[in-house]
Every structure is written in C-alpha cells, then in structure tokens.
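Subject: Structure handover

Hello,

Here is the structure I promised to pass on. Please open it alongside this note, and use the notes below as you look through it.

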Amino acid sequence: MAVMLQGVVATAALSSSAAFDSKGAQLPTVKFLLERKGGFLVDRSDRRLAVFASNARAQGVVATAALSSSAAFDSKGAQLPTVKFLLERKGGFLVDRSDRRLAVFASNARARSASRLVTNAVAAKTDKSTASAASKIGGHEILLFEALREGLEEEMDRDPRVCVMGEDVGHYGGSYKATKGLAKKYGDLRVLDTPIAENSFTGMAVGAAMTGLRPIVEGMNMGFLLLAFNQISNNCGMLHYTSGGQFKIPIVIRGPGGVGRQLGAEHSQRLESYFQSIPGIQMVACSTPYNAKGLMKAAIRSENPVILFEHVLLYNLKEKIPDEEYVLSLEEAEMVRPGEHITILTYSRMRYHVMQAAKTLVNKGYDPEVIDIRSLKPFDLYTIGNSVKKTHRVLIVEECMRTGGIGASLTAAINENFHDYLDAPIACLSSQDVPTPYAGTLEEWTVVQPAQIVTAVEQLCQ
C-alpha cells in the first residue's frame, strides 16, 4: 500500500556490498527497489520502506530503511546510521557523507496539504545555507526570468486562486517571457490577456483580490503603471483600512523597470520613489534568480499588496538554485559580502556595480560589507543596524533618483536609529535628477558606475 509520509528518513549503503539487518536477512537491493512505484513510500509487509526519489532533479537516488526495532547492518557487520542520527542532517537535501551513504530527508513542502496558506510569508533564516547546499548537491541552473516563471507556476499549481493578468501575458508569454507557456497550461481565465489599459486591469485585479482571488498584475513596463497610480495608491494600499478590515488585498504587481540599454526616458523609470510613500504597500526588489523565485512565491502568499521590482537588464542573469521548494522573507536583507571597514547598502542592478567595485577596493586594502537590502519597504533595520554597529560607516548605492529616492529614506532611517554608531556622515550615490537620455554614453553618465563607488569608499574611510 502506497502512503505519502512527511519527514521520513532513509539510508542507503552505496558500497558494492549488500546490506543486511541484525538477523542476517538481506535488505532489498536497488534493482528491486526500482520496480517499486516512483515517488511514493511503499509500506511492505516486512515493515521496511522503499523510497524511490523519482524527482528528475534528484537523479533517481534510491534508499532503504529498516523500520523494525532491530538495527541495520551492512555485510561486514558495521551498523548503519540510525534514524535518530539522520534527523540531525540538513532537511530537504541529499547529504553526501564520508562513509559513502546518503541521508535523504523527505521534507518536500509540495507533499504538504495544498490548502494550507502561509499568510506571513516569512521563512526561517536558511536561505543562504540553502543556496550553498544547492551548489554542492546539484540544483539546476536557471535564468532570472525563468526563475520568476518557475515560482509563479509552482504557486499556480499549489493554489487555484492565483491568476495572472496584463498585456501580452497570455499566449505571447509576456514582454520578457516571464509567463511563457502558462496560458496553454492554465487557460485564458487564469492567464488573462488584457487591453492596453493599465488603470482598468489593475482596478479589476483589486476587485478580484477583494473577492478572494490572488491576482498577479504584470506591467509590460513599470513606467506604464503610472497610469494605474490611483488604483495602486487609493485602492491597493488603503482598502483594507478604509473597509475596517473587511477586505484583504492579496495582490502582486510586478514588471520590468530601471535603466536599460537606450530605452529612452519613458521606458527607464524607477518607480520605487513614487510608490514608497503609499501606506499599506510592501515593496521588494529581486537581483538574482534565487531571490527572484523566493520573493515571487512569498509575494503571492502574502495577504498584503506587494510590488515586485525587476530590472530589465537582469532577466538573462544565470544562477544555480535549489531543486527543493523555498520561500524567502519579504522583510529581510541579504548579506552579500561580510566586511569590517564600511557598510555598502544597495539593491537590484546596483548590486553588481557594487561587487565590481568591491574587487578593486579589496585590492586597495579595504574590506567592504555589502548588503542587498531587497526589502525596499519596510527596511530590514535589524540587519542594517548590526552592520552599522560593526563598520560605523555607510554608503548607499542606488539607481533610483536622488531626490525623494530609496536612498533618501534609508539615510533618514539610519540617522534616526543608529546615529550614535556612525563615525562619518552617510554618503549616497544615486542617479542624476534628469530624464534618462537615449544616447548610450549620456545614459551611462546618469547612472552610478563602479569607479564612483571606489572613490566614495576611499573618501569615507580616510
């Protein structure tokens, strides 16, 4: 009888010798186990479990565990690790130990009840270890736009209330292919192509959220969402309050933005500064395939309206991410590079300008600490504060406009909360307050470059 069990741990001896229990009976071989039902735990009459990890990304690893009260031994009389010992291993991963055995912890969250909702969308602080584990045991390489689609598809599978709407999101697959193939899989009602009318379909999404759906609105370009500013500010952000808590607005608004490659002023908008003052709105910015997927899933599960900012130049960024399901916190920053001399706070595309500058700074003897703030509203002042208390110097690097931008708000927050820990004034490098030129050379001059970051750090650390 096949039964789905959570948290079951099994072991497999990968040596050439067979495995035996304490009474000398040989355990089932891998060849035998392969004939079992893939993807299930098969409860056999002899009280042993055969686990076949049929997940293609697990590459067919097979393990056996004796569940009787007696211990299990290999052919040389060595006792196999017990279940109690294996539970101390990392959950959700195959851990290759020096004794050539694999510990398999079947903790795939997709085996849990699909009806269970994570309303706070806050995960334990294991995302960095998860990423490193993926690099060791496999995972899969993926582009950022594919990671967004993967997260979106997983949530649409998990929750039938999730739907997508926007211009060309259906059969065309979105302007940057973040919804490619979803219309064919889920149909035109869950992946809805809309007219070119941002105010109308954003308002429709707000109404859908009020009735219990969990819509995702894609702006073909984030600059176009200025046409829906009334719906985003007066409806998304305020309806939960103005209705006396009668309605929740679990809506995600996402799309490409930032300075691209000669897209012109109207298609190079950074709307973070526009939306940050709206009460009731959460804002996050992804910068890697790993956090793009994790933040997408968290935003969909949140009960609050969330704006997910994606940078137009990062969609083809490639990274290895875990095969196992994961959800990131919407309110946590990411420590990109620990350091001692100065805290550099950044997000989105500027993360890579900062890391490029960090290489030069290290060669010059500086040790910068780089933090991707990710959560643009609210700020993760816990992570930021701990860093400020350690380095006592802060540099903010952003692509947003200098006047009224994220950097200005972040500067105010740090001064209000950690002023006594600062040994130098906070410096902020932002884009110039001009419309983004079409000419490539002029376009570069309006955006912060790595050389400027190096110069700013040298001045702050004098």
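A cavity here is a set of grid points where a 1.4 Å probe fits but cannot get out. Its volume is the space filled by probe spheres set on those points. Please keep in mind that this is a predicted model.

**Cavities**

Three cavities reach 30 Å³ or more. The largest holds about 110 Å³ of space. Its lining is made of 15 residues. Closest to the centre are G258, E272, F309, H311 and S348. Two elements give two or more residues to this lining: strand 16 (306-311) and strand 22 (394-401). Strand 16 gives the most, with three residues.

What is the chemical make-up of the lining of the largest cavity? Six of its residues are nonpolar, five are polar and four are charged. Both domains take part in this lining. Domain 1 (139-322) gives at least three residues, and domain 2 (334-461) also gives at least three.

**The seven-stranded sheet**

Next, the sheets. As background, strands of a sheet pair through backbone hydrogen bonds, either parallel or antiparallel.

One open sheet has seven strands, in the order 12-11-13-14-16-15-21. Its pairing is mixed. Strand 16, which lines the largest cavity, sits between strand 14 and strand 15 in this order. The edges are strand 12 (191-193) and strand 21 (375-377), and each of them pairs on one side only. Neighbouring strands of this sheet are turned against each other by 20° on average, direction ignored.

For a closer look, take strand 11 (residues 162-166) and strand 13 (residues 214-218). They run parallel and are joined by five bridges. One place to check is V162, whose bridge partner in strand 13 is R214.

**The five-stranded sheet**

A second open sheet has five strands, in the order 18-20-19-22-23. Here too the pairing is mixed. Strand 18 (334-337) and strand 23 (427-431) are the edges, each pairing on one side only. The average turn between neighbouring strands of this sheet is 25°, direction ignored. Strand 22 belongs to this sheet and also gives residues to the lining of the largest cavity.

Strand 19 (residues 342-346) and strand 20 run parallel, with five bridges between them. T346 stands opposite D372 of strand 20.

**Aromatic pairs**

How many aromatic pairs does a search of the whole structure find? There are three. Why does the pair Y176 and Y315 count as stacked? The ring centres of Y176 and Y315 are 4.8 Å apart and their planes meet at 20°, so the pair is stacked; the cut-off for stacking is under 30 degrees. This pair links distant parts of the chain, with the two positions 139 residues apart. Y176 is in the loop between strand 11 and helix 5 (182-186). Y315 is in the loop between strand 16 and strand 17 (318-321).

**Backbone points to check**

Most residues other than glycine have a negative phi, and most peptide bonds are trans. Two places near strand 21 depart from this pattern.

R374 is not a glycine, yet its phi is positive, at about 55°. R374 lies in the loop between strand 20 (368-372) and strand 21. The other place is the peptide bond between K377 and P378, which is cis, with omega of about 0°. P378 belongs to the loop between strand 21 and helix 12 (381-391).

Best wishes

Definitions and conventions:
Residues numbered from 1 in each chain as written. Predicted model: local features only at pLDDT ≥ 70, side-chain atom pairs only at ≥ 80, totals over all residues. Heavy atoms only, no water. 1 Å grid on protein atoms, 1.4 Å probe; cavity = no way out; pocket = protein on both sides within 12 Å on 5 of 7 lines; lining within 4 Å. Helix = DSSP H or I, 4+ residues; strand = E, 2+ residues; numbered from the N terminus. Nonpolar A, V, L, I, M, F, W, Y, C, P; charged D, E, K, R; others polar. Domains from an automatic or database assignment. Pairing = 2+ DSSP bridges. Axes fitted to C-alpha atoms, helices over the stretch in contact; angles between N-to-C directions. Phe/Tyr/Trp six-rings, centres within 6.5 Å; stacked < 30°, edge-to-face > 60°.
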